[in-house]
Amino acid sequence: TATSPSPVALPSAFAQANTFVYGSPPPSTYAGPGDVPQIFYVTLTPTVFTPNSTVRINAITTTNVQRLTIGTGTSSIGLSPAGPGTWQGVFSANVLGLPPAATSLRLTLVASRSDGQNASIPITVSIMRAPATNDTPL
């Protein structure tokens, strides 16, 4: 009997290619209350969204950041603090209100202090949709 080929794990380069990385982890994230908020390090995966994609983001900021959000001009999602200066979030791409005809989307990650001073970085992702089916009979 013929055996079907066993699935092959994707090379790690594929996973890395579908991950946005910004900056690098700093030796210290401490910042005083009046210091400028900073975003040091971010990973976001995947970089190619489908409406059903589960998006994962991790970030390292200065410790004086009280709110970290990611979003478009019309919607944003708050990330959860995982410790001083560390943040994480997991959400469905469709909560960002993906534009129907767009092939890319510019997201903005915004780190804010309580007084409104903030730092931000742009993150551009691609949007891939399933091809439309043609139900017209021949």
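Five strands of this predicted model line up as an open sheet in the order S1-S2-S4-S8-S7, with antiparallel pairing. Here a strand is a DSSP run of E of at least two residues, a helix is a run of H or I of at least four, and both are numbered from the N terminus. Two strands pair if DSSP finds at least two bridges between them. Five strands also form an open sheet in the order S3-S10-S9-S5-S6, and its pairing is mixed.

**How to read the model**

- Residues are numbered from 1 along each chain as its sequence is written. Because this is a predicted model, local features need pLDDT of at least 70 and side-chain atom pairs count only at pLDDT 80 or more, while totals for chains, interfaces and linings use all residues; side-chain values use heavy atoms, with hydrogens and water left out.
- The protein chain has an average pLDDT of 88 (the predictor's confidence in each residue, from 0 to 100), and 82% of the residues score at least 70.
- Residues 6–11 have a pLDDT below 50, and this stretch makes zero contacts in the model beyond near neighbours in sequence. A contact means heavy atoms within 4.5 Å.
- Where pLDDT is low, the predicted coordinates should not be read in detail.

**The overall plan**

- The protein chain contains one helix and 10 strands, and from the N terminus on its elements run α-β-β-β-β-β-β-β-β-β-β.
- Of the 138 residues in the protein chain, 35% are buried. Buried means under 20% relative accessible area, exposed means over 50%, and partly exposed lies in between (1.4 Å probe, protein chains only).
- Among contacts in the protein chain with a separation of 6 or more, 57% are between residues 24 or more positions apart.

**The antiparallel sheet**

- Strands S1 (20–23) and S7 (80–83) stand at the edges with a single partner strand each, so one side of each has no neighbour in the sheet.
- On average, neighbouring strands of this sheet are turned by 15° against each other, direction ignored. For such angles, axes are lines fitted to C-alpha atoms (for helices, over the stretch in contact), and values run from 0 to 180 degrees between N-to-C directions.
- S7 pairs with strand S8 (residues 86–92) in the antiparallel sense over three bridges, and Ser80 stands opposite Gln88 in S8.
- Just after strand S2 (39–45), the loop leading to strand S3 (48–49) holds Pro46. The peptide bond from Thr45 to Pro46 is cis, with omega near -5°.

**The mixed sheet**

- S3 and strand S6 (76–78) are the edge strands here, each with a single partner strand, so one side of each is left without a neighbour in the sheet.
- S3 and S10 pair in the parallel sense over two bridges, and the bridge partner of Phe49 in S10 is Ile127.
- S9 and S10 pair in the antiparallel sense over nine bridges, with Ala111 standing opposite Ala119 in S10.
- These two strands, S9 and S10, form a hairpin with five residues between them, and Gly116 in the turn has a positive phi of about 95°.
- S5 and S9 run antiparallel and are joined by five bridges; Gly71 has Thr108 as its bridge partner in S9.

**Inside the fold**

- Which residues have the most contacts inside the largest nonpolar core? They are Val42, Leu44, Phe49, Ile70, Leu109 and Ile123, in a core of 26 residues. Such a core is a set of buried Ala, Val, Leu, Ile, Met, Phe, Trp, Tyr and Cys residues joined through side-chain atoms within 4.5 Å.
- At least two residues of this core come from each of S2, S4 (54–61), S5 (67–71), S8, S9 (104–112) and S10 (118–127).
- Leaving aside neighbours within four places in sequence, Leu44 is in contact with residues including Phe20, Phe49, Ile70 and Ile123.
- In a regular strand the side chains alternate between the two faces of the sheet. Along S10, Ala119, Ile121, Ile123, Val125 and Ile127 point to one face and are buried, while Asn118, Ser120, Pro122, Thr124 and Ser126 point to the other and are not.

**A charged pair and a neighbour**

- The structure holds one salt bridge (a side-chain nitrogen of Lys or Arg within 4 Å of a carboxyl oxygen of Asp or Glu). Its partners are the side chains of Arg113 and Asp115, at 2.4 Å from N to O.
- Arg113 counts as buried at 9% relative accessibility, whereas Asp115 is exposed at 52%.
- Val36, in the loop between S1 and S2, touches Thr62, Asn64, Arg113 and Gln117, not counting residues up to four places away in sequence.
- Val36 and Arg113 are 77 residues apart in sequence, and their C-alpha atoms are 8.5 Å apart in space.
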